[in-house]
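I opened the notebook to look up how one helix sits against its surroundings, and then what fills the core.

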Amino acid sequence: MDRRNFMIIGSAAAVAGYAIGKFLPKSSGDKLYLRPPGAVDDFDDLCVKCGQCVQVCPYHSINLLDIEDGYSSGSAHIDAKERGCYLCDLFPCVLACPSGALDHATKVVGDVKMGVAVLSDTAACLSVKRENLSEAGVKHLLDRKAYNDREEALKDKIKGKIGQICDLCVTLCPVGDSAIVMSQTNLPLIKNGCVGCGVCAEVCPAKIINIAPKMSYDEIYKEKK
């Protein structure tokens, strides 16, 4: 498909998606969705549901919400348990957004405010239990089809951790130690540099990490200090 036809089809999809979304009830209520990096406060109103961010994401992290999500149907979101956001260089999803739903001023990781990671059942953490990472524990990650070199490299990193004490959440965090570190008690410690990308939630074999969308570090952790 040449560029002209791609733009025509993309524009038509945007108009159709936007129109359909406007006529759907706001049944999603106050439910918060994890949006791609750069999402503005009025994302729901500005997203034209064109899917261009989905098309350019090299990690296939972004999907479109289903019709049961009401007014948000067709809009872009990230299911961190399935695939987090790896905060790509240049943020292709942001550059592809034609409507301003993703802020084009998002240039560096420090500009991203997707949410914040939260640990639940800490006793189940493999690192706390000093358990080695097993192949079975990451089978769902390794079985996922790799469509490009980036995804293949990610799988190689995960394979390299099998047989070692689990620290996938720390090792694979695209932000680094300003967002998450391993504490002296061998429990992952979320820091104020966390942007809520969701990678830790994706790769945690114990599934004890969740992302609180649109929340800041202080809103979640200030009462725990």
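**Helix α6 and the core**

I began at the N-terminal end of α6, which Asn148 caps with a side-chain oxygen 3.1 Å from the backbone nitrogen of Arg150; a polar contact is a pair of N or O atoms within 3.5 Å, one able to donate a hydrogen and the other to accept it, and residues adjacent in sequence count only if both atoms are side-chain atoms. I note that this is a predicted model, in which local features need pLDDT of at least 70 and side-chain atom pairs count only at pLDDT 80 or more, while totals for chains, interfaces and linings use all residues. Residues are numbered from 1 along each chain as its sequence is written, and side-chain values use heavy atoms, with hydrogens and water left out.

Helices here are DSSP runs of H or I with at least four residues, strands runs of E with at least two, numbered from the N terminus. In α6 (residues 149–159) I found Glu151, Leu154, Lys155 and Ile158 buried (under 20% relative accessible area, exposed being over 50% and partly exposed in between, with a 1.4 Å probe and protein chains only). They lie on the same side of α6, because they cover an arc of only 95 degrees around the axis, taken from the directions from the helix axis to the C-beta atoms. Asp149 and Lys157, on the other side of α6, are exposed. The buried residues of α6 pack against α5 (139–142) and α7 (168–171).

I then looked up Ile209, which touches residues including Lys81, Leu119 and Cys204, contact meaning heavy atoms within 4.5 Å.

Terms used:
Lists of a residue's contacts leave out its neighbours within four places in sequence.
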